[in-house]
Number of protein chains: 2
Amino acid sequence: MSNGVNLKELSQRLNLSQTTVSRALNGYPEVSEETRKRVSEMAEKLGYAPNSQARRLATGRAMAIGHVIPRSIHEMMNPIFLEFIAGAGETYSRHGYDMIISVVDDDKEEDAYRQIASRKKADGVIVHGPANEEHRHKLLKELNLPFVVHGRIPGAERETSWIDMNNRRAFERATNLLLDLGHTRIALLNGLEHMDFASRRRRGFEEALAARGLTPDPALMRSADMTEPYGCDNAMEMLKSDNPPTAFLISSMISAIGVARAAGQCGLKTGKDVSIITHDDALSFLPNSGEVPIFTCTRSSVRYAGEKAAELLLNMISNPAAKPASLHLDAELIIGQSTGPAPAASR
Amino acid sequence: MSNGVNLKELSQRLNLSQTTVSRALNGYPEVSEETRKRVSEMAEKLGYAPNSQARRLATGRAMAIGHVIPRSIHEMMNPIFLEFIAGAGETYSRHGYDMIISVVDDDKEEDAYRQIASRKKADGVIVHGPANEEHRHKLLKELNLPFVVHGRIPGAERETSWIDMNNRRAFERATNLLLDLGHTRIALLNGLEHMDFASRRRRGFEEALAARGLTPDPALMRSADMTEPYGCDNAMEMLKSDNPPTAFLISSMISAIGVARAAGQCGLKTGKDVSIITHDDALSFLPNSGEVPIFTCTRSSVRYAGEKAAELLLNMISNPAAKPASLHLDAELIIGQSTGPAPAASR
DNA sequence: CCCTTTATCCAAACCGCTTTGGATTTGGCC
DNA sequence: GGCCAAATCCAAAGCGGTTTGGATAAAGGG
């Protein structure tokens, strides 16, 4: 019904050239206000909207941002990834950009980027989940494809644009909080430490301990995908050991829930017998709210990060000459119900 | 470096016409194998790949599928949505399609669909989260935009293509399992019941009770966003009441975890003092695995649903004359550790 | 040997828009 | 009235592919 008018037909109906109609609709000054009005009314009436492929072809801009996610990534960062996407997506649509997501086999990731560049599918991309050994930025530079990193690429902080939270500092503060409460046996349930964010968190943890003359106990440090059972199983194992931790520092709310479950199963009261502090990405389906949140946490909205990352990227695209820019967010430290003073020496 | 060869240049390098080169690369028969080989080699060497905008314009196919997600939806179905997307995305890329996702304000949803249609941004769309009062399918039909529903639109099952799990049956079976174990006071923590999937689940629950001559107690039925605290708070309230339930039937693992937490806090042992059965969407970051899974559940992979939905849609697109098709998946009923016989009458 | 196929390849039109480089009209000013 | 600048509008040339309708050459048939 309302389908199918193109510029040509529209301009014929108006007895105007395509040029004029196009200019009228795109807000160029060389058309009288009267004509512009006449044009927009007719366009509205006929339900005209420019064919995006044609426009993209003519302007040479894809008006789209790419996100390539290798299969493996969304197994470990599933919900975080989506929250980021949601934030970025809002920014995109506000600016008339499309978001295109490619889910690819791990070994096709490079291919995916090459295709985006050579077929001009997107004007830029977001790089997710940088690892310690990271090479994507080199490829993208070679492909001349603007990009923003969510996280940081170690060694390339200067030359790339990125948005990241201060992982090291957050975990240092969290650790200090526990130390101040008298805990000395603190377990770290970290994410996969070949990822940049996780190594930084570990560093923050270790440095805080070191500053008080403590050495981390390898038996209390784990690194894996941040699932719920990961939290539960490892906490259970540690709590049942001869020398159990009195506190847990955890990289994700999901795993923290698992730890709380383990504590419950061991008959320990969270916030009393055992303290838990977690990083909270502020995922909408895992609200950790209330006057006193369930979990004491370091919190940083990954959704906000998504919005900002998108803005950075859009700026880069419209202003290609600009230098790399970056945003370093600080996590809030929020005291909830899950932490308390270290219990008096047991046994 | 490897950037920037177009068809014209490529064909000049080869002393061939654009026609021939195009045909050679697209596998048309009217070109000799020898030439085809020569062409592909040169294309490879120069890093040629057809500009996707140009191709889309020429062929009239967008080679993309749209997913429009209103802001509100991803607050309630965040992780499920992503898992679906991941499944669909794989199918798309296997078939050379792009996935474009629009995150829009709730009141712009219709607009988003109109734009996709009029600007030819996608060849089809997936409709997420159908409600009891659903109108999107009418709009899409009017816009002549092929679509597949994830879930079902009540009253339009015949005329639309969809993929859904058997929600009613799954919850009926789950309820029967509890009844067989001797539970009679069963709580239902459902999703938002203005959504189709949730009303069906409720129906399954109620029908199973009715079949044994039982009437559901309104005090034991809740409906809300399926967050973790939702599970915990409501379970807590019910467990502390005068006449507490002995079993919970829950619409989502996330809330089930909350219920388990509440049980723990009340000093009740899950699977013994209180039984829990949940629906499990098989989300990768919430594995409910092991020989005997933590939670007894009805399980249906939403990721698989995504794959299949994409296939349905792609079929519709390449075969527009075909009748609506649909896929009705049955959830598995899996016995885990969280269910057991009803405790002997307490008090 | 001539004519008809068949196998290859090509020139040009087209997809629907933007944009360049004028052409025409109008208005202000001396 | 004549001239110049500003205001409008337009024809046509891209953008980079695909596809139609031949043209040309080689092969096969009588």
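Me: Which residues come nearest to DNA strand C?

Reply: Happy to start there! Keep in mind that this is a predicted model. There are 26 residues around DNA strand C, and N6(A), L7(A), S22(A), A58(A) and T19(B) come nearest. Two or more residues of that surface come from each of α1 (7-14), α2 (18-25) and α4 of chain A, and also from each of α2 (18-25) and α4 (52-59) of chain B. The largest share, five residues, belongs to α4(A).

Me: How do the residues of the surface near DNA strand C divide by class?

Reply: Nine are nonpolar, 13 are polar and four are charged.

Me: And which residues are closest to DNA strand D?

Reply: Here 25 residues surround the strand, and the closest are T19(A), L7(B), S22(B), A54(B) and A58(B). At least two residues each are supplied by α2 and α4 of chain A and by α2 and α4 of chain B. For DNA strand D, α4(B) gives the most, with five residues. By class, this surface has nine nonpolar, 13 polar and three charged residues.

Me: Now the two protein chains. How many residues of chain A are in contact with chain B?

Reply: The general idea is that the size of an interface is often given as the accessible area lost when the parts come together. Here we can count residues instead: 51 residues of chain A are in contact with 51 residues of chain B. On the chain A side, the elements that each supply at least two residues are α4 (52-59), α5 (73-76), α6 (78-94), β2 (98-104), α7 (109-118), α8 (136-143), α11 (228-239) and α12 (253-265). The largest share, eight residues, comes from α6(A). Sorted by class, the side of chain A that touches chain B has 25 nonpolar, 16 polar and ten charged residues.

Me: How should I read the way the two copies are related?

Reply: Two copies of a chain are related by a rotation about an axis and a shift along it. In this model, a rotation of 180° with 0.0 Å of shift along its axis superposes chain A on chain B, with an RMSD of 0.1 Å. The two copies are therefore related as by a two-fold rotation axis. In chain A, the C-alpha nearest that axis belongs to I100(A), at 2.2 Å. The same surface serves both copies, as 100% of the contact residues of chain A recur in chain B.

Me: I100(A) caught my eye. Which residue stands opposite I100(A) in β2(B)?

Reply: Its partner is I100(B). Strands of a sheet pair through backbone hydrogen bonds, either parallel or antiparallel. β2(A) and β2(B) (residues 98-104) run antiparallel and are joined by three bridges.

Me: In what order do the six strands of the open sheet in chain A stand?

Reply: The order is β7-β6-β8-β9-β10-β12, and the pairing is mixed. At the edges are β7 (221-223) and β12 (332-334) of chain A, each pairing on one side only. Neighbouring strands of this sheet are turned by 15° against each other on average, direction ignored. For one pair to look at, take β9 (residues 275-280) and β10 (residues 296-299) of chain A: four bridges join them, and they run parallel. Within this pair, T278(A) has C297(A) as its bridge partner.

Me: Which strands of chain A does α12(A) lie across?

Reply: α12(A) lies across β6 (186-190), β8 (247-250) and β9 of chain A, and runs at about 160° to β9(A).

Me: One last feature, the packing of two helices. At what angle do the axes of α2(B) and α3(B) cross?

Reply: Two packed helices are described by the angle between their axes and the distance between the axes. The axes of α2(B) and α3 (residues 33-46) of chain B come within 9 Å and cross at roughly 90°. That angle makes α2(B) roughly perpendicular to α3(B). T20(B), V21(B), A24(B) and L25(B) of α2(B) make the contact with T35(B), R36(B), V39(B), S40(B) and A43(B) of α3(B). These residues divide into five nonpolar, three polar and one charged.

Methods
Residues numbered from 1 in each chain as written. Chains lettered and ligands numbered in written order. Predicted model: local features only at pLDDT ≥ 70, side-chain atom pairs only at ≥ 80, totals over all residues. Contact = placed C-beta atoms within 7 Å. Nonpolar A, V, L, I, M, F, W, Y, C, P; charged D, E, K, R; others polar. Pairing = 2+ DSSP bridges. Least-squares fit on C-alpha atoms with pLDDT ≥ 70 in both. Near = placed C-beta within 6 Å. Axes fitted to C-alpha atoms, helices over the stretch in contact; angles between N-to-C directions. Parallel < 35°, antiparallel > 145°, perpendicular 65-115°, else oblique.
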